[in-house]
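Let's walk through this structure together, one region at a time. Keep the viewer open so that you can follow along.

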Amino acid sequence: MTILGRSSSTLYSAGTDMDIRNRHSTAALKYNDHRSEFCVHSQLTSHQRIVVDQDGSFLADTFAQFQREGDCLVIADQRVCELRPDILARLPANVPLLSFPFSERTKTVETVELVLDFACNTGLPRRGMFVAFGGGSCTDVVGLAASLYRRGAPHIKIPTTLMGMVDAGIATKNGVNFHGLKNRLGTFLPPELSIVTPDLLATLPSRHISNGLAECIKLGVIAHPELFSLLTGIAAKNGIEEFRAGTNRTLGIIKESILKMLESLTGNLYEEGSLQRSVDFGHTLSPLLESELGDAILHGEAVALDMAFHTILATNLHLLSAHDGARILKLIRDLGLPVCHRVIDRGFVYSAYQSATSHRGGALNLPMPQGIGNCKFLTDFSALDETAIQTTIDQLRSCQNDTSKLAFNVTAAPLANDA
Ligand SMILES: NC(=O)c1ccc[n+]([C@@H]2O[C@H](COP(=O)([O-])OP(=O)(O)OC[C@H]3O[C@@H](n4cnc5c(N)ncnc54)[C@H](O)[C@@H]3O)[C@@H](O)[C@H]2O)c1
Ligand SMILES: [Zn+2]
């Protein structure tokens with residue numbers, strides 16, 4: 001199933017429903033090719049719409065429609081307000097607007113309280129609409145506030161980062177960091193509407209474009225060879241700039257990534273169904289990397305390091321050919337993401353595996369790339385060949401100090417602050 005090019009009308013055409021059912025959730029995903037609109041119907045939400053707003057007109061019209069005072073409020077990322085006054089200018093003057101410097105550091109209970117204060121002070125009614133306009137930090141906080149307000153108010157997510165467009169801004173999860181732990185508090189409540197306006201990426205710094213691309217690479221590697229090819233295509237040129245400029249190829253990458261992400265979400269709404277989730281590729285070492293490195297690393301960078309590690313491990317375990325391994329590592333590096341970090345040693349890998357095992361129902365359930373567009377799960381880490389893990393670490397280390405030593409001849413792109 002794809003929405004790429006000509007196949008869109010034959011394989012996944014307007015009006016085609018896909019029912020995804022498992023023990024824990026029943027959901028239907030529908031894509032309207034003509035309007036670039038995805039719809040998810042599920043027991044979590046009667047109707048979740050995701051509109052890919054190719055020319056920005058849907059966003060402008062939606063803003064212009066927020067007219068009646070008290071029916072909705074907009075909570076926006078301060079930086080985006082500064083950079084895109086043209087968009088905020090479309091908001092009717094009587095719509096309450098809270099501009100706030102959202103970031104990983106301000107993704108806290110205190111910020112949720114601030115948003116709720118704003119809702120109370122502006123008299124938002126019981127079914128009033130929260131509108132989040134920002135990156136994942138903003139949409140996670142506002143989604144959580146909405147889910148708490150009067151036992152659950154509707155909300156709209158308008159992601160302004162690539163990470164938001166392909167992941168956080170279309171997700172069913174909301175959350176904040178608590179007691180130094182990422183996303184320790186949160187709820188499942190999907191937005192009624194997500195508006196994905198690629199034009200908003202024009203001002204996004206390169207590092208944050210790369211950050212979002214890590215999630216697209218993940219989907220390409222484990223589930224979608226055509227997406228992988230599209231990414232390879234932009235990586236060969238100046239891919240990051242192409243994203244900022246917005247082309248048909250980058251639009252295709254965004255749509256395909258949303259489709260794959262929604263397919264995985266709708267099949268497992270509460271993440272209680274299958275504990276073997278292919279979208280966990282890149283998400284086994286990354287939580288520990290993020291907690292050890294804190295602000296020094298972005299989520300997508302941690303995902304990239306994890307994907308690079310498991311790509312090399314997969315070749316050492318003969319699950320993946322050296323050729324495909326090299327293609328994946330080259331793509332990660334070419335899209336501005338790191339492939340190695342000194343913090344990853346054997347102890348680190350084993351503690352990350354232990355923590356993943358307890359999180360995934362007592363089995364490691366580690367997705368490993370098996371060719372491009374396919375994956376296989378490793379369930380028991382005690383059965384994993386220690387030599388292969390150590391060899392992988394050594395290859396990563398030599399990659400950091402002397403790129404020519406790496407079997408795949410991949411030039412490392414270490415983090416800027418990596419000593
Ligand atoms: N709910 C989920 O399922 C889910 C999924 C993925 C990520 N997340 C969460 O998302 C958060 C990260 O989100 P993010 O990567 O979008 O970063 P972010 O929201 O923290 O934003 C990063 C920076 O980019 C700035 N910014 C945002 N949009 C911009 C634009 N268009 N132009 C210029 N600057 C802009 C922001 O001001 C901020 O400084 C993490 O907390 C992560 O846990 C949640
Ligand atoms: Zn992720």
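How many residues lie between β12 and β13 in the hairpin they form, and which residue in the turn has a positive phi? Before we get there, please keep in mind that this is a predicted model.

The hairpin has 5 residues between β12 and β13, and the residue to look for in the turn is G371, with a positive phi of about 80°. The two strands themselves cover residues 366–369 for β12 and residues 375–378 for β13. They pair in the antiparallel sense, over 4 bridges. If you would like a landmark for the pairing, find P369, which stands opposite C375 in β13.

Now to the helices. Two packed helices are described by the angle between their axes and the distance between the axes. Take helix α13 (residues 299–316) and helix α14 (residues 322–334) to begin with: their axes cross at roughly 170° and come within 9 Å. An angle over 145 degrees counts as roughly antiparallel, and α13 and α14 are therefore roughly antiparallel to each other. On the α13 side, the residues of the contact are A304, M307, A308, T311, I312, A314 and T315; they meet A322, G325, I328, L329 and I332 in α14. By class, this contact of α13 with α14 divides into 9 nonpolar residues, 3 polar ones and no charged ones.

The next pair is helix α8 (residues 206–223) with helix α9 (residues 225–236), which pack at an angle of about 135° with their axes 6 Å apart. That angle makes α8 oblique to α9. The crossing of these two helices, α8 and α9, is left-handed. Here C216, I217, L219, G220 and V221 in α8 meet L227, F228 and L231 in α9. The contact of α8 with α9 has 7 nonpolar residues, 1 polar residue and no charged residues.

Helix α8 also brings us to the ligand. Which residues are closest to ligand 1? Of the 29 residues that surround ligand 1, the closest are R79, G135, G136, T161 and A171. The elements giving two or more residues to this shell are α3 (78–83), α6 (136–148), α7 (162–166) and α8. The largest share comes from α6, with 4 residues. As for chemical character, the shell around ligand 1 has 9 nonpolar, 13 polar and 7 charged residues. Charged residues are thus part of the ligand shell, while the contact of α8 with α9 has none.

Technical notes
Residues numbered from 1 in each chain as written. Chains lettered and ligands numbered in written order. Predicted model: local features only at pLDDT ≥ 70, side-chain atom pairs only at ≥ 80, totals over all residues. Axes fitted to C-alpha atoms, helices over the stretch in contact; angles between N-to-C directions. Parallel < 35°, antiparallel > 145°, perpendicular 65-115°, else oblique. Left-handed = near helix turned anticlockwise from the far one by under 90°. Contact = placed C-beta atoms within 7 Å. Nonpolar A, V, L, I, M, F, W, Y, C, P; charged D, E, K, R; others polar. Near = placed C-beta within 6 Å. Pairing = 2+ DSSP bridges.
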